[in-house]
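Biologist: I should like to go through the terms applied to this protein one by one. Please set each value against its definition.

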Amino acid sequence: MIGKITPQMPEKLVAYLRPGAPGLLLTAGADGYATSAYTWILALDAGKVRFAVDEGGSTMANLQRSGQASLQVIGQGDVTFLVKGSARQLKPHLDAAAPYVIALYEMEVIGAKDQSWPGVSTNALTYAWPAEQREAMLAMEHAVYTEMRDAKS
């Protein structure tokens with residue numbers, strides 16, 4: 001499977017993304033150069049994934065212009081995938097993310113590439129909230145994943 005591009009996400013990746021995980025959202029700018037943005041990602045099934053996008057940035061402009069996106073997912077062990085597809089906005093604002101203005105997008109997967117290397121394990125892409133904000137931000141993140149999962153297509 002390593003290096004192979006599949007038309008849908010393999011079960012290992014779906015299982016990793018089902019509860020929600022951080023990742024990188026990759027888009028192409030009007031100038032043709034890649035841009036990346038940190039995001040929350042959640043898999044609904046092998047062919048559909050949702051992610052969050054900050055309002056007003058170049059990433060949102062790129063998505064509105066082309067509808068094309070890729071998601072770089074790096075998880076513990078050998079979960080290293082690049083997922084690409086066509087994306088559309090589902091909700092302009094995730095209520096659970098307030099006061100931040102973050103939109104919800106849904107991607108129809110057209111390809112998933114296993115980027116793991118034999119004998120090499122990765123560490124998950126992670127972040128740490130400042131101590132004084134940690135509990136509130138973790139609660140918000142949990143609420144965001146719930147809203148992402150429950151939003152109507």
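Biologist: In what order do the elements of the protein run from the N terminus on?

Modeller: The order is β-α-β-β-β-α-β-β-β-α, with helices (H or I, at least four residues) and strands (E, at least two) being DSSP runs numbered from the N terminus. The radius of gyration is taken over C-alpha atoms, and the globule rule is 2.2 Å times the number of residues to the power 0.38. The protein has a radius of gyration of 15 Å, close to the 15 Å that the rule gives for 153 residues, so it is as compact as a globular protein of that length. The C-alpha trace spans about 40 × 35 × 30 Å along its principal axes.

Biologist: What is the basis of the model and its numbering?

Modeller: The model is predicted: local features need pLDDT of at least 70, side-chain atom pairs count only at pLDDT 80 or more, and totals for chains, interfaces and linings use all residues. Residues are numbered from 1 along each chain as its sequence is written, and side-chain values use heavy atoms, with hydrogens and water left out.

Biologist: Why is Thr6 called buried or exposed?

Modeller: Buried means under 20% relative accessible area, exposed over 50%, and partly exposed in between (1.4 Å probe, protein chains only). Thr6, in strand S1 (residues 5–6), has 12% relative accessibility and therefore counts as buried. Of the 153 residues of the protein, 41% count as buried.

Biologist: What makes the approach of Thr6 to Gln8 a polar contact?

Modeller: A polar contact is a pair of N or O atoms within 3.5 Å; within protein, one must be able to donate a hydrogen and the other to accept it, and residues adjacent in sequence count only if both atoms are side-chain atoms. A polar atom of the Thr6 side chain lies 2.6 Å from the backbone oxygen of Gln8.

Biologist: Why is Asp31 called buried or exposed?

Modeller: Asp31 has 56% relative accessibility, so the residue counts as exposed. Asp31 is placed in the loop between strand S2 (21–28) and strand S3 (34–45). Its side chain reaches the backbone nitrogen of Tyr33 at 3.0 Å.

Biologist: Which residues does a cis peptide bond join, and what is omega there?

Modeller: The cis bond joins Ala98 and Pro99, with omega about 15 degrees. Pro99 belongs to the loop between strand S6 (79–91) and strand S7 (102–114).
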